[in-house]
Structure formats: structure tokens, C-alpha cells
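Let us walk through this structure together, starting from a single residue and working outwards. Keep the sequence and the 3D view side by side as you read.

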Amino acid sequence: MSIYIQEAWIQRDLEDLKGVHCGESRVYETRFDSRGELFKSLQKDHGKCVSKLYHDDHGAIGWVFEKKSHYEDTREEFLLETWVTLHTAEPTKTIKYHYLEWK
């Protein structure tokens, strides 16, 4: 069974560590069946793992990676965090209609 993930990216200023959320991926299927192999691949792409991600109802649900990166225009350095959550499938989407009542 393949593991699905979602990634979110945070840019942190190196001086005051304030963060700016700069985007996130959709939930997508990886080529990995093993958390260990997935973790190694993510570490290569996103830098060192600095924390796990937790959800109140589910415990650990992913990892936080960080690496130094550079702005393309100024080449100024910043810290890029990547928050990765693990999933067993794509999210289930439901539609609920809210009809206007006739009186």
C-alpha cells in the first residue's frame, strides 16, 4: 500500500524566525510503501528532520524538515521548513446542499 503525503512550506527569517506560509501541495501518492524509505527520501529533498507533527486525535502524523535556502532575486538566505503529513489515501470530499425553504 503506497503512502500518500501533503507538504506545506514555511519561510522563516533567520534573525527573528517569524514564518510566512508560502504554499502547500495537494495530498498525493508517493512511490513508497515504507515510512523509513519515505523518510530518507524526504530528508534528501527537505533537509534535516527537526520535529514530528502531531494531531490531538491521532498522535504523530508527520514530520517537520528544515534547510537553509536562498531567495532567487536577492540570494539572501532564509530557513525553509517543510511540514509533511502522512495519509493512507486522498481525502474524501462530500457535498452538502443547503436548500432554501419554501413557505
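Phe39 is partly exposed, with a relative accessible area of 22%. Here, buried means under 20% relative accessible area, exposed means over 50%, and partly exposed covers what is in between, using a 1.4 Å probe and protein chains only. This is a predicted model, in which local features need pLDDT of at least 70 and side-chain atom pairs count only at pLDDT 80 or more, while totals for chains, interfaces and linings use all residues. Residues are numbered from 1 along each chain as its sequence is written, and side-chain values use heavy atoms, with hydrogens and water left out.

Which residues share an aromatic cluster with Phe39? The cluster is formed by Phe39, Trp63 and Phe65. To follow how such rings are paired, take the rings of Phe, Tyr and Trp (for Trp, its six-membered ring): two rings pair if their centres lie within 6.5 Å, and the planes count as stacked when under 30 degrees apart, edge-to-face when over 60, and tilted for the rest. By this rule there are five aromatic pairs. One of them joins Phe39 and Trp63, which meet edge-to-face with 5.1 Å from centre to centre and 65° between the planes. Because Phe39 lies in helix H1 (residues 35-46) and Trp63 in strand E5 (residues 59-70), this pair ties together parts that are 24 residues apart in sequence. Helices (H or I, at least four residues) and strands (E, at least two) are DSSP runs, numbered from the N terminus. Trp63 itself is buried, with a relative accessible area of 10%.

Phe39 also pairs with Phe65, and this pair is tilted: 5.7 Å centre to centre, with 45° between the planes. Phe39 is in helix H1 and Phe65 in strand E5, so this pair ties together parts that are 26 residues apart in sequence. Phe65 is buried, and its relative accessible area is 0%.

From Trp63 we can step across to Ser51. Ser51 sits in strand E4 (residues 48-55), and, leaving aside its neighbours within four places in sequence, it is in contact with Trp63 and Val64. Contact means heavy atoms within 4.5 Å. Is Ser51 buried, exposed or partly exposed? Ser51 is partly exposed, with a relative accessible area of 33%. Its C-alpha atom and that of Ile10 are separated by 14 Å, and the two residues are 41 residues apart along the chain.

Strand E5 also holds Ile61, which counts as partly exposed at 25% relative accessibility. Leaving aside neighbours within four places in sequence, Ile61 is in contact with Leu53, Tyr54 and His55, and also with Val84, Thr85 and Leu86. Ile61 and His87 are 26 residues apart in sequence, yet their C-alpha atoms are 8.1 Å apart in space.

Now for two loops. Ser25 lies in the loop between strand E2 (19-24) and strand E3 (28-29). At 16% relative accessibility, Ser25 counts as buried. Not counting residues up to four places away in sequence, Ser25 touches Gln6, Glu7 and Trp9. Arg75 is found in the loop between E5 and strand E6 (77-87), and this residue is exposed, with a relative accessible area of 52%. What is the phi of Arg75 near? Phi of Arg75 is near 65°, a positive value in a residue other than glycine. Most residues other than glycine have a negative phi.

Finally, step back to the chain. It has one helix and six strands, and from the N terminus on, the elements run β-β-β-α-β-β-β. The radius of gyration is 18 Å, well over the 13 Å that the globule rule gives for 103 residues, so the chain is more spread out than a compact globule. That radius is taken over C-alpha atoms, and the globule rule is 2.2 Å times the number of residues to the power 0.38. Along the principal axes, the C-alpha atoms fill a box of roughly 65 × 35 × 25 Å. Of the 103 residues of the chain, 29% count as buried. Among contacts with a separation of 6 or more, residues 24 or more positions apart account for 46%.
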